[in-house]
Amino acid sequence: MWKVTFAPTLTGLLPIARNGGSDTLFLDLNPATHGQLHAFVHAIAWPGYLGNHVFTKVADNFDAYLDSLFIDPDMAEDAWADVADSDPSDPWRRTVEEWLDKELPGWRAEAWATS
(Lines give C-alpha, C1' and ligand atoms only; values in the text may rest on other atoms or scores of the structure.)
Protein backbone atom coordinates (compact mmCIF):
# COMPACT_ATOMS: atom_id res chain seq x y z
CA MET A 1 0.00 0.00 0.00
CA TRP A 2 1.31 3.45 -0.88
CA LYS A 3 1.36 6.23 1.63
CA VAL A 4 0.57 9.57 0.08
CA THR A 5 2.11 12.69 1.55
CA PHE A 6 1.84 16.21 0.29
CA ALA A 7 4.45 18.91 0.20
CA PRO A 8 3.63 22.10 2.09
CA THR A 9 2.33 25.12 0.26
CA LEU A 10 5.36 26.66 -1.40
CA THR A 11 3.89 30.07 -2.20
CA GLY A 12 6.56 32.71 -1.82
CA LEU A 13 9.38 30.20 -1.33
CA LEU A 14 12.30 30.34 -3.73
CA PRO A 15 14.25 27.08 -4.10
CA ILE A 16 17.94 27.95 -3.81
CA ALA A 17 19.66 24.57 -3.33
CA ARG A 18 18.99 20.89 -3.80
CA ASN A 19 21.02 17.80 -2.96
CA GLY A 20 21.22 14.47 -4.77
CA GLY A 21 18.20 13.16 -2.88
CA SER A 22 16.08 16.12 -4.03
CA ASP A 23 15.93 17.62 -0.54
CA THR A 24 15.45 21.34 -1.16
CA LEU A 25 16.46 24.54 0.63
CA PHE A 26 14.09 27.49 0.17
CA LEU A 27 14.49 31.22 0.74
CA ASP A 28 11.27 32.73 2.06
CA LEU A 29 10.14 35.81 0.11
CA ASN A 30 6.81 36.25 1.92
CA PRO A 31 6.47 39.70 3.57
CA ALA A 32 5.76 38.38 7.07
CA THR A 33 8.64 35.87 7.10
CA HIS A 34 10.99 37.39 4.52
CA GLY A 35 14.52 36.02 4.59
CA GLN A 36 13.88 32.85 6.56
CA LEU A 37 15.27 29.59 5.20
CA HIS A 38 13.20 26.42 5.08
CA ALA A 39 14.04 22.88 4.03
CA PHE A 40 11.98 20.08 2.58
CA VAL A 41 13.69 16.77 3.39
CA HIS A 42 12.49 13.55 1.84
CA ALA A 43 12.07 10.54 4.10
CA ILE A 44 14.44 7.64 3.65
CA ALA A 45 12.47 4.46 3.19
CA TRP A 46 13.79 1.33 4.88
CA PRO A 47 12.36 -2.16 4.34
CA GLY A 48 9.21 -2.37 6.43
CA TYR A 49 9.30 1.33 7.35
CA LEU A 50 8.11 4.35 5.44
CA GLY A 51 9.19 7.57 7.10
CA ASN A 52 7.62 10.99 6.88
CA HIS A 53 8.92 13.83 4.80
CA VAL A 54 9.92 16.90 6.80
CA PHE A 55 9.36 20.57 6.06
CA THR A 56 10.98 22.86 8.60
CA LYS A 57 12.43 26.29 9.16
CA VAL A 58 16.20 25.99 9.37
CA ALA A 59 17.21 29.59 10.04
CA ASP A 60 15.80 33.06 10.64
CA ASN A 61 17.97 34.54 7.87
CA PHE A 62 20.73 33.63 5.45
CA ASP A 63 23.54 34.86 7.73
CA ALA A 64 22.26 32.68 10.58
CA TYR A 65 22.10 29.74 8.17
CA LEU A 66 25.68 30.24 7.05
CA ASP A 67 26.83 30.61 10.66
CA SER A 68 25.25 27.24 11.45
CA LEU A 69 27.20 25.35 8.79
CA PHE A 70 30.25 23.37 9.75
CA ILE A 71 32.69 20.94 8.16
CA ASP A 72 32.12 17.35 9.11
CA PRO A 73 35.53 15.82 9.97
CA ASP A 74 34.84 12.76 7.80
CA MET A 75 33.99 15.03 4.86
CA ALA A 76 37.22 16.97 5.39
CA GLU A 77 39.21 13.74 5.45
CA ASP A 78 37.54 12.53 2.25
CA ALA A 79 38.17 15.86 0.50
CA TRP A 80 41.83 15.74 1.45
CA ALA A 81 42.16 12.08 0.41
CA ASP A 82 40.96 13.09 -3.07
CA VAL A 83 43.83 15.57 -3.53
CA ALA A 84 46.60 14.47 -1.14
CA ASP A 85 48.59 12.69 -3.85
CA SER A 86 48.24 15.57 -6.31
CA ASP A 87 51.07 17.91 -7.13
CA PRO A 88 51.18 20.73 -4.54
CA SER A 89 50.70 23.27 -7.35
CA ASP A 90 47.50 21.59 -8.60
CA PRO A 91 44.74 24.24 -8.52
CA TRP A 92 42.13 21.89 -7.04
CA ARG A 93 44.52 20.76 -4.27
CA ARG A 94 45.26 24.39 -3.45
CA THR A 95 41.51 25.11 -3.32
CA VAL A 96 40.93 22.23 -0.89
CA GLU A 97 43.87 23.39 1.25
CA GLU A 98 42.55 26.95 1.38
CA TRP A 99 39.06 25.71 2.26
CA LEU A 100 40.37 23.50 5.06
CA ASP A 101 42.74 26.22 6.34
CA LYS A 102 39.84 28.65 6.59
CA GLU A 103 37.09 26.39 7.86
CA LEU A 104 38.96 23.75 9.87
CA PRO A 105 42.04 25.35 11.45
CA GLY A 106 44.50 22.75 12.67
CA TRP A 107 43.49 20.17 10.07
CA ARG A 108 47.12 19.72 9.00
CA ALA A 109 47.88 18.13 12.40
CA GLU A 110 45.22 15.44 11.94
CA ALA A 111 46.52 11.91 11.40
CA TRP A 112 44.74 11.69 8.03
CA ALA A 113 46.50 14.85 6.82
CA THR A 114 50.01 13.83 7.83
CA SER A 115 50.09 10.27 6.53
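Are R93 and E97 buried or exposed in this predicted model? Both R93 and E97 are buried, and the two residues lie in helix α3 at a spacing of four residues, about one turn of the helix. Their side chains form a salt bridge in which the closest N and O atoms are 3.3 Å apart. Side chains of opposite charge can pair when their charged atoms come close.

The salt bridges in the model come to a count of four. One of them joins D60 to K57, with the closest N and O atoms 2.6 Å apart; here D60 is partly exposed, because its relative accessibility is 48%, and K57 is likewise partly exposed, at 41%. Another is formed by the side chains of D101 and R108, with an N to O distance of 3.0 Å, where D101 has a relative accessible area of 37% and is partly exposed, as is R108 at 42%.

Both D60 and K57 also appear among the residues touched by Q36, which, when residues up to four places away in sequence are not counted, further include F26, L27, D28, A59 and N61. Q36 is placed in the loop between β2 (24-28) and β3 (37-41), and with a relative accessibility of 15% this residue counts as buried, since the cut-off for burial is under 20%.

In soluble globular proteins, nonpolar side chains tend to be buried together. The largest nonpolar core of the model has 10 residues, namely I71, A76, A79, W80, V83, V96, L100, W107, W112 and A113. Helices α2, α3 and α4 (111-114) each supply at least two residues of this core, and the largest share, four residues, comes from α2. Apart from this core lies another, of five residues, among them L25, L37, A39 and Y65.

The arrangement of α2 (73-83) can be described in further detail. In this helix A76, A79, W80 and V83 are buried, and, seen down the helix axis, the buried residues of α2 fall within an arc of 95°, so they line one face of the helix. On the other side of α2, D74, A81 and D82 are exposed, whereas the cover over the buried residues includes α3 and α4.

Contacts around the core also involve the loop between α3 and α4, where L104 is found. L104 is partly exposed, with a relative accessible area of 22%, and, leaving aside neighbours within four places in sequence, is in contact with I71, A76, W99 and W112. I71, with neighbours within four places in sequence again left aside, is in contact with A76, W99, E103 and L104. By contrast, the C-alpha atoms of L104 and A43, residues 61 apart along the chain, are separated by 31 Å.

W92, placed in helix α3 (residues 91-103), counts as exposed, because its relative accessibility of 54% lies over the 50% cut-off. The C-alpha atoms of W92 and D82, which are 10 residues apart along the chain, are separated by 9.7 Å.

On the surface, L14, I16, L29, F62, L66 and L69 form a nonpolar patch with about 510 Å² of accessible area together. The elements that give two or more residues to this patch are β1 (13-18) and α1 (62-68). One of the patch residues, L69, is found in the loop between α1 and α2 and is partly exposed, with a relative accessible area of 47%.

Definitions and conventions. Residues numbered from 1 in each chain as written. Predicted model: local features only at pLDDT ≥ 70, side-chain atom pairs only at ≥ 80, totals over all residues. Heavy atoms only, no water. Patch = residues over 30% accessible without salt bridge, like charges linked within 9 Å, V, L, I, M, F, W, Y side chains within 5 Å. Areas by Shrake-Rupley, 256 points an atom, 1.4 Å probe, with all protein chains shown as cover. Buried < 20%, exposed > 50% of the residue type's maximum accessible area, 1.4 Å probe, protein only. Core = buried A, V, L, I, M, F, W, Y, C linked by side-chain atoms within 4.5 Å. Contact = heavy atoms within 4.5 Å. Arc of directions from axis to C-beta.
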